[in-house]
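Please look over the model below before reading on; the paragraphs that follow move from the overall fold to one part of the surface.

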Amino acid sequence: MAKIESLHGTTPAEIFQSGLENIGDIQAVSLSVLWKDGSVTAGWSNVDIASLALMVLTLDQKQRDDLESDD
């Protein structure tokens, strides 16, 4: 059975930095999304590396923009 750890409060860039450091051990990527209505969807994907990188950069930029607008 897979071990599940909470990554609450961790940025996408931080999550995937550890993934990049251990890239040879990754079999697939799982993801959960917390929507504004409080629902959560989850699943896994073996998406290609380029699409995954774009998604991570987009999520990281969105979080940075949100933090700047809060200041």
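Followed along the sequence, the protein in this predicted model runs through the pattern α-β-β-α, so that its secondary structure amounts to two helices and two strands. Taken along the principal axes, the C-alpha atoms occupy a box of roughly 40 × 25 × 20 Å. As for how residues apart in sequence are brought together, 31% of the contacts between residues at least 6 apart in sequence join residues that are at least 24 apart.

The next topic is the surface and what lies beneath it. Of the 71 residues of the protein, 8% count as buried, a class that takes in residues with under 20% relative accessible area. The protein exposes about 6400 Å², and carbon and sulfur atoms supply 58% of that area. Charged side chains are present as well, with 4 positive and 12 negative charges, and the mean positions of these two sets are 4 Å apart.

Which residues form a nonpolar patch on the surface? The patch is made up of L20, I23, I26 and I49, which together have about 410 Å² of accessible area. One of these residues, I49, can be placed within the secondary structure, since I49 is found in helix α2, which covers residues 49–70. Is I49 buried or exposed? I49 counts as exposed because its relative accessibility is 60%, and the cut-off for that class is over 50%. Thus I49 is both a member of the nonpolar patch and a residue of helix α2.

Methods. Residues are numbered from 1 along each chain as its sequence is written. This is a predicted model: local features need pLDDT of at least 70, side-chain atom pairs count only at pLDDT 80 or more; totals for chains, interfaces and linings use all residues. Side-chain values use heavy atoms; hydrogens and water are left out. Patches are made of residues with over 30% relative accessible area and no salt bridge: like charges are joined within 9 Å, nonpolar side chains (Val, Leu, Ile, Met, Phe, Trp, Tyr) within 5 Å. Accessible areas come from the Shrake-Rupley method with a 1.4 Å probe; for residues, only the protein chains shown count as cover. A salt bridge is a side-chain nitrogen of Lys or Arg within 4 Å of a carboxyl oxygen of Asp or Glu. Helices (H or I, at least four residues) and strands (E, at least two) are DSSP runs, numbered from the N terminus. Buried means under 20% relative accessible area, exposed over 50%, partly exposed in between (1.4 Å probe, protein chains only). Contact means heavy atoms within 4.5 Å. Lys and Arg count as positive and Asp and Glu as negative; His and the chain ends are not counted. The place of a charge is taken as NZ of Lys, CZ of Arg, CG of Asp or CD of Glu.
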